[in-house]
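User: I have a new model in front of me and would like to learn how to read it. Could you walk me through it?

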Amino acid sequence: MSVAILVLLNAIAFSPNTMGAHFVMVGLCAVVCVWCGRAASAARWCAVYAAVTAVGYLSLLAPSSASASFAVILVVVRCVFCIGMFASNMTATTRVGELACALQRVHLPRHAIIALCVALRFFPTMTAEFASVVEAMRVRGVPLGVRMVMTHPVRVMEGLLVPVMSRLAIVADELGNAATVRGMDSSRPRTSYYDLRLRAMDWIMLAAFSAVAAFLLGVRMGWWFV
């Protein structure tokens, strides 16, 4: 169900700028976070969305080329905001075995299942690697702050991106090897420890997301106007 909703969010990410529908979508994502027991995360995401929206409107009060470019960046961030919010909750609450079981039941190709399962573990690992490198930079006397980024961008890029990219290449190989050891590429029928069932709340949330997605796609296709 989470994968289906995530696909819907990607499909409508750059639909017409209908503020009401976007607010509803962010609210639905927050409801999903609360339902999964992550109320604090929902509050943080909503606060960030409110801040992005407010800064976007404030940037229009003083029209200039710089403020216009900044406003465009904020619009793009707001368009993909729900994707990041929902994906973050999904990676934090979904086990790899549960995802593999669900994708097998919808008869997704085996290689696609492997790719999605590896991606589900890769992104949290990537976040942890960034945190480790930032902490190592701080220990070595290279604090990663706005002032440091503005005054020494090359030094920050060298100290942050180079070790992170090297480590992520190793992590990707390790995750792929772990999936192979667990028999993910086997052609034999697989069983699962998990017994997944769709509950009433799953259907309610899917229907709600689908309704908003249908509305935004209808606006894009010109079926109705707002």
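Analyst: Happily; we will go through confidence, cysteines and a surface patch.
This is a predicted model, where local features need pLDDT of at least 70, side-chain atom pairs count only at pLDDT 80 or more, and totals for chains, interfaces and linings use all residues. Residues are numbered from 1 along each chain as its sequence is written, and side-chain values use heavy atoms, with hydrogens and water left out.

User: What is the mean pLDDT of the protein chain?

Analyst: pLDDT is the predictor's confidence in each residue, from 0 to 100. Where pLDDT is low, the coordinates should not be read in detail. Here the protein chain has a mean of 76, with 82% of its residues at 70 or more. Among helices (DSSP runs of H or I, at least four residues), α3 (residues 39-59) has the highest confidence, at a mean of 85, and α8 (residues 146-151) the lowest, at 70.

User: How many disulfides does a search of the whole structure find?

Analyst: A disulfide is a covalent bond between the sulfur atoms of two cysteines; the test is a pair of cysteine sulfur atoms within 2.5 Å. The search finds 0. For C33, the nearest cysteine sulfur is that of C36, 6.9 Å away. C33 is buried (under 20% relative accessible area), at 1%, while C36 is partly exposed (from 20% to 50%), at 31%.

User: Which residues make the nonpolar surface patch?

Analyst: Nonpolar patches join side chains of Val, Leu, Ile, Met, Phe, Trp or Tyr within 5 Å, from residues with over 30% relative accessible area and no salt bridge (a Lys or Arg side-chain nitrogen within 4 Å of an Asp or Glu carboxyl oxygen). Here F14, V72, V76 and V80 make a patch of about 340 Å². F14 lies in the loop between α1 (2-11) and α2 (19-35), and F14 is exposed (over 50%), at 54%.

Terms used. Helix = DSSP H or I, 4+ residues; strand = E, 2+ residues; numbered from the N terminus. Buried < 20%, exposed > 50% of the residue type's maximum accessible area, 1.4 Å probe, protein only. Patch = residues over 30% accessible without salt bridge, like charges linked within 9 Å, V, L, I, M, F, W, Y side chains within 5 Å. Areas by Shrake-Rupley, 256 points an atom, 1.4 Å probe, with all protein chains shown as cover.
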